[in-house]
Amino acid sequence: MESINSGNCWDRKNELLSREEIEGMQAHKLSSLIERCSESRYYKEMFKRKGITPDRIKTTKDIKRIDFIDKSILREETSWRFLAVKGEHVVRMHSSSGTTGQATVVFHTKGDIEEWAELIARCMYMVGVRRQDVFQNMMGYGLFTGGLGFHYGAERLGCMVIPSGAGNSKRQISLMREFGTTTIHIIPSYALRLQSVFEELNIDPEKDLKLTTAFIGAEPHSERLREKLENALGVDAYNSYGLSEMCGPGVAFECRGKAGMHLWEDKYIMEIIDPKTLEPMPDGEEGELVLTSLNREAMPLIRYRTHDLTRIVKGDCVCGRKHRRIERIKGRTDDMFIIKGVNIFPMQVERVLLKTVGVGSNYQIILHRKGSADNMKVKVEVSDEMWRGDLEDLKRLKIRLESEMRDEILVKPELELVEPGLIDTGEGKAKRVIDERDGAILE
Ligand code: AMP
Ligand code: ZN
């Protein structure tokens, strides 16, 4: 394993901080964080209620006096109430993948975008990407942070960026061949699809392409899947974790040790809590990751519950960095699921169904795996009247629901209309989602 001294640091000063320096830096940044947060309506009210002032939050232990927040609070309160700068300082917004309409958006200042680009450059450089590399960014561009986040980071590093976006496998492959792509950023489920297109076109990536490195993230995947992709594409694949509320990708990233992702503690404070009791978990035990963004300007968030399950990897990393590592994400503590890299909440499906005439009282979402792709099927009971009526009306209803769901959740589900009373959602709380995949983790 290459040691830290081999020059794989983009931001040597911050990457090589000792534990004492990291903890000192976090504590030092707290009062300015509280000051910045106080500019937002949400925190201003909360701090007043709880008697919190910058001089009373001196150590990372003190932030425990501040309440947790999560996506549902952002949604209820709206992101505007978390905006901590004047609107004129906001230069961009993003939103969580899959959320549309009253989405939880995240605002960025110029400084936020700068810091984010620096972080991505740090992550890419850490695993050996250099300015001579050709980087093909096969992530969705737009509101989703995966596209533009990596794009700016790779440009900052000096790579030639091919902003190919998601999908269109044949075109992706011809770009790779023509421009000698060395590095890709790709959703694991899509990488599996790409692998089958390689086979279909009779391309041997090791011989016909120049790929060396892949960044895979945005959805849970297993170690086995990483190895499969590495063999199939002839690359070293690195796990990349992030969430739009903290900036997007770049929050935690694997080094060449591939034994957990370094969570950049000069930018974020992490806690691992028991999702039920909300108490801290002992070091090394699995729990929910909670993050505080130390430097963000437009929308700093304190104690944000990610609802992602992970644990801290014990011991020192072979690379020498002291930023603690988290294990690959195991799953979620809420009902969100991820299909083709898109976050989906059952409520979004329900919203479409509830507003549509002819839909009955029950529905169920079934997640299953077809070959290497995750699929989502929605079984919907129709109303008595619809069931007894014209077949053409049923067909029209199906097409309409499919298209409206696609608009709402950005993924086209398979839809099955069934007769009233056919869906058994179990006793008590309706079981809305049946996950028939082998765990929600791509294998
Ligand atoms: P978004 O806000 O749209 O960027 O989605 C963030 C969510 O995607 C996270 O909270 C995780 O649930 C999931 N996610 C992102 N990166 C990874 C990863 N490397 N492994 C597993 N899940 C991930
Ligand atoms: Zn490391």
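What follows is a chat between a student and a tutor about a predicted model.

Student: Let's start with the metal. Which residues coordinate the zinc ion (ligand 2)?
Tutor: Look for the donor atoms at 2.0 to 2.3 Å from the ion. Three of them are SG atoms and one is an NE2. The residues that supply them are C255, H262, C317 and C319.

Student: What arrangement do the four donor atoms make around the zinc ion (ligand 2)?
Tutor: Check the angles they subtend, which run from 100 to 117°. Four donors pass as tetrahedral if all angles lie between 85 and 135 degrees. So the arrangement is tetrahedral.

Student: And what spacing do the donors of that zinc ion follow along the chain?
Tutor: The pair H262 and C319 links distant parts of the chain, 57 residues apart. H262 sits in strand β9, while C319 is in the loop between β13 and β14. Written out for the donors of the zinc ion (ligand 2), the spacing is C-x6-H-x54-C-x1-C.

Student: Are H262 and C319 buried or exposed?
Tutor: The cut-off to keep in mind is under 20% relative accessible area for buried. H262 falls in that class, and C319 does too, so the word for both is buried.

Student: On to charges. How far apart in sequence are the parts that E200 and K170 tie together?
Tutor: These two form a salt bridge, with the closest N and O atoms 3.4 Å apart. E200 counts as exposed at 52% relative accessibility, and K170 as partly exposed at 48%. E200 belongs to helix α8 and K170 to helix α7, so the parts they tie together are separated in sequence by 30 residues.

Student: D374 and R437 also pair up. How many residues apart in sequence are the parts they tie together?
Tutor: Their closest N and O atoms are 2.9 Å apart, a salt bridge. D374 is buried with a relative accessible area of 4%, and R437 is buried with 5%. D374 lies in strand β19 and R437 in the segment after β21, so the distance in sequence is 63 residues.

Student: Which residues do salt bridges with shared partners join into one network?
Tutor: One pair to start from is K267 with D266, whose closest N and O atoms are 3.8 Å apart. K267 counts as buried at 12% relative accessibility, and D266 is buried at 1%. The whole network is D11, E115, R122, D266 and K267.

Student: Is helix α5 largely enclosed by the rest of the structure or largely exposed?
Tutor: The helix covers residues 110-126, and its end C-alpha atoms are 24 Å apart, in agreement with the expected span of 24 Å. Of its 17 residues, 13 are buried, so the helix is largely enclosed.

Student: Which residue caps the N-terminal end of α5?
Tutor: At the other end, α5 is followed by G128, with a positive phi near 105°. For the cap, find the side-chain oxygen that lies 3.2 Å from the backbone nitrogen of G111. That oxygen belongs to T109.

Student: Last one: R325 has no salt bridge. Which backbone oxygen does its side chain reach?
Tutor: R325 is in strand β14 and is buried. The nearest side chain of opposite charge, D316, is 6.5 Å away, and a salt bridge needs the atoms within 4 Å. At 3.1 Å, though, the side chain of R325 reaches the backbone oxygen of G315.

Methods:
Residues are numbered from 1 along each chain as its sequence is written. Chains are lettered from A and ligands numbered from 1 in the order in which they are written. This is a predicted model: local features need pLDDT of at least 70, side-chain atom pairs count only at pLDDT 80 or more; totals for chains, interfaces and linings use all residues. Side-chain values use heavy atoms; hydrogens and water are left out. Donors are N, O and S atoms within 2.8 Å of the metal (3.2 Å for Na, K and Ca); water is not among the atoms, so sites may look incomplete. Four donors count as tetrahedral if all angles lie between 85 and 135 degrees; four count as square planar and six as octahedral if opposite donors are over 155 degrees apart and all others between 65 and 115; anything else is irregular. Helices (H or I, at least four residues) and strands (E, at least two) are DSSP runs, numbered from the N terminus. Buried means under 20% relative accessible area, exposed over 50%, partly exposed in between (1.4 Å probe, protein chains only). The expected span of a helix is 1.5 Å times one less than its number of residues. A polar contact is a pair of N or O atoms within 3.5 Å; within protein, one must be able to donate a hydrogen and the other to accept it, and residues adjacent in sequence count only if both atoms are side-chain atoms. Lys and Arg count as positive and Asp and Glu as negative; His and the chain ends are not counted.
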